[in-house]
Amino acid sequence: MSKHDGPVRAGVDAGKSRHWAGVVDESGATLWSKKIENDETAILIALGEILELADDVHWAVDISGTSSALLLALLAAHGQQAVYVPGRTVNRMAGAYRGEAKTDARDTYVIAETARQRSDFTIIEVPAQLAADLALLTAHRSDLIADRVRTVNRLRDVLTGIFPALERALDYSAHKGALVQLTSHQTASAIRRRGRARLTARLANRAVRGADAVAAAALEAARSQQTVLPGEEVAAQLVADLAVQILALDDRLKRVEKQIRDTRGRPQAAIIESLPGMGPILGAEFVVATGDLAAYADAGHLASAAGLVPVPRDSGRRTGNLHRPKRYNRRLRRVFYMSAQTSMIREGPNWDFYLKKRSEGCRHVQAVIALARRRVSVLWALLRDDRVFTLVPPAAQAE
């Protein structure tokens, strides 16, 4: 097969078990289209066939995550670069082409055509080992936190059904002693039989802070309820099991957070964490969310990527109509918002700036966002002399 003159665009509709790849020329005509198993051998065969079509191949994918990790790694190993075309863009561009069919082959064509017509998509860089480690650890931590919140809510719901006074008496989302208490005694009658002294001794043996206060609160709640409710025995077993699960999740969270803190070799970690409110966890999430910091021209571009800059929606005589952006990096916004919230715990410039914005009529959220925007400029000034992170691209996190 003779090679095609001029550049071609290869679009990939990535999937978990298989991809669909297609190639279009400069006129938009399809040169090659085929389903590819998400397997190294299959991808290499397809890669060879596509590279035989032309000397200049430009790649575009709609997913930059675990589904396309093997594909992107093989492309990088063969000197090929790919750009990220967001799924939102593909969805909207699909309406510009004839027909209403929704197939993988058509999506692939739209991806390739969109990449052919636009040259401003973000280039995907395969993350280095350190970057990949941080991305996995922070994502796993987020999953564990979500599991913990769900389990705590389930525990409180079950406990309310048999012992509402005890559910109100203790904070199960933040107090280890409350959970330890539930691993052994879940009903009012069991707590009364045990007594305050033995409850306190057991909690103290488990290294619970304020063991006596926890025991006293549980015993007071037990004395307020004498009625045995239906299903109490089974519910008590479920409560004990859920309490054990939450304590195990807490241990796993501590191990993951220690791993993140121990990953001190990441670039500019000390500078990032020197910003008040930006500790090791948020610092790691910032590094993962920003990707290559050199991709941002200035602090304004970084703030815009984080959704901290309002966007105009002017039309005709309507000017100065500013709104919150809809497309931005949610993870990056969370990093700056949470760090801004944390920085206000102690008195200082951050707290003073927040009070200034409140005095100007801003609501709490507006004042925190204004503070977060200001902190972007501060952090940018700290990092501007050495702005190199080789991490996942910010566009991959924005959708």
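The exercises below, each with a worked solution, concern a predicted model of one protein chain.

**Exercise 1. Overall dimensions**

Determine how the radius of gyration of the protein chain stands against that of a compact globule of 399 residues, and set the result beside the extents of the C-alpha trace.

*Solution.* Begin with the reference value: a compact globule of 399 residues would have a radius of gyration near 21 Å, but the protein chain has 27 Å. Next, take the extents along the principal axes, where the C-alpha trace spans about 90 × 50 × 45 Å. Then turn to the secondary structure, which consists of 18 helices and eight strands. Finally, consider the cover of the residues, of which 45% count as buried out of the 399 in the protein chain.

**Exercise 2. The pairing of strands β1, β2, β4 and β5**

Work out which strands pair with β1 and with β4, in which direction each pair runs, and which residues stand opposite one another.

*Solution.* Start with β1, which covers residues 8–13 and is joined to β4 by five bridges, the two strands running parallel. Two residue pairs help to fix the register: V8 has V57 in β4 as its bridge partner, and A10 stands opposite W59 of β4.

Continue with the other neighbour of β1, namely strand β2 (residues 18–24), to which β1 is joined by five bridges in an antiparallel arrangement. Here D13 stands opposite W20 in β2, and the connection between β1 and β2 is a hairpin through four residues.

Now go to β4, which is joined by three bridges to β5 (residues 82–84), again with the strands running parallel. Within this pairing, V61 has Y84 in β5 as its bridge partner. The chain passes from β4 through helix α2 (residues 69–77) to β5, and this β-α-β crossover is right-handed.

The last step concerns burial. Because five of the six residues of β1 are buried, β1 is largely enclosed by the rest of the structure. Strand β4, which comprises residues 57–61, is also mostly covered, with four of its five residues buried.

**Exercise 3. Salt bridges and the accessibility of their partners**

For the pairs D107 with K102, E113 with R116, and R118 with D120, state the N to O distance and classify each partner as buried, partly exposed or exposed.

*Solution.* The classification needs two cut-offs: a residue is buried under 20% relative accessible area and exposed over 50%, with partly exposed in between.

First, D107 forms a salt bridge with K102, and their closest N and O atoms are 2.5 Å apart. The relative accessible area of D107 is 9%, so D107 is buried, whereas K102 has 63% and is therefore exposed.

Second, the side chains of E113 and R116 meet in a salt bridge with an N to O distance of 2.5 Å. Because E113 and R116 are three residues apart in helix α4 (residues 104–117), they are separated by about one helical turn. E113, at 4% relative accessibility, counts as buried, while R116, with a relative accessible area of 27%, is partly exposed.

Third, R118 and D120 meet through their side chains in a salt bridge of 2.9 Å, N to O. R118 counts as partly exposed at 36% relative accessibility, and D120, at 53%, counts as exposed. Elsewhere, salt bridges that share partners join R141, E257, E285 and R334 into one network. The structure holds 15 salt bridges.

**Exercise 4. Helix α13 and two local features**

Establish how far helix α13 is covered, and then describe the surroundings of I271 and the backbone of A207.

*Solution.* Helix α13, spanning residues 280–290, is mostly covered, since 10 of its 11 residues are buried. Among the buried residues of α13 are E285, F286 and T290. The helix is followed by G291, which has a positive phi near 70°.

I271 belongs to helix α12, which covers residues 269–273. At 33% relative accessibility, I271 counts as partly exposed, and together with V378 and L382 it makes a nonpolar surface patch of about 210 Å².

A207 is found in the loop between α9 (196–205) and α10 (211–223). Although A207 is not a glycine, its phi is positive, at about 60°. With a relative accessible area of 59%, A207 is exposed.

How values were computed
Residues are numbered from 1 along each chain as its sequence is written. This is a predicted model: local features need pLDDT of at least 70, side-chain atom pairs count only at pLDDT 80 or more; totals for chains, interfaces and linings use all residues. Side-chain values use heavy atoms; hydrogens and water are left out. Buried means under 20% relative accessible area, exposed over 50%, partly exposed in between (1.4 Å probe, protein chains only). Two strands pair if DSSP finds at least two bridges between them. A crossover is right-handed if, with the strands pointing away from the viewer, the path from the first strand over the helix to the second runs clockwise. Patches are made of residues with over 30% relative accessible area and no salt bridge: like charges are joined within 9 Å, nonpolar side chains (Val, Leu, Ile, Met, Phe, Trp, Tyr) within 5 Å. Accessible areas come from the Shrake-Rupley method with a 1.4 Å probe; for residues, only the protein chains shown count as cover. A salt bridge is a side-chain nitrogen of Lys or Arg within 4 Å of a carboxyl oxygen of Asp or Glu. The radius of gyration is taken over C-alpha atoms; the globule rule is 2.2 Å times the number of residues to the power 0.38.
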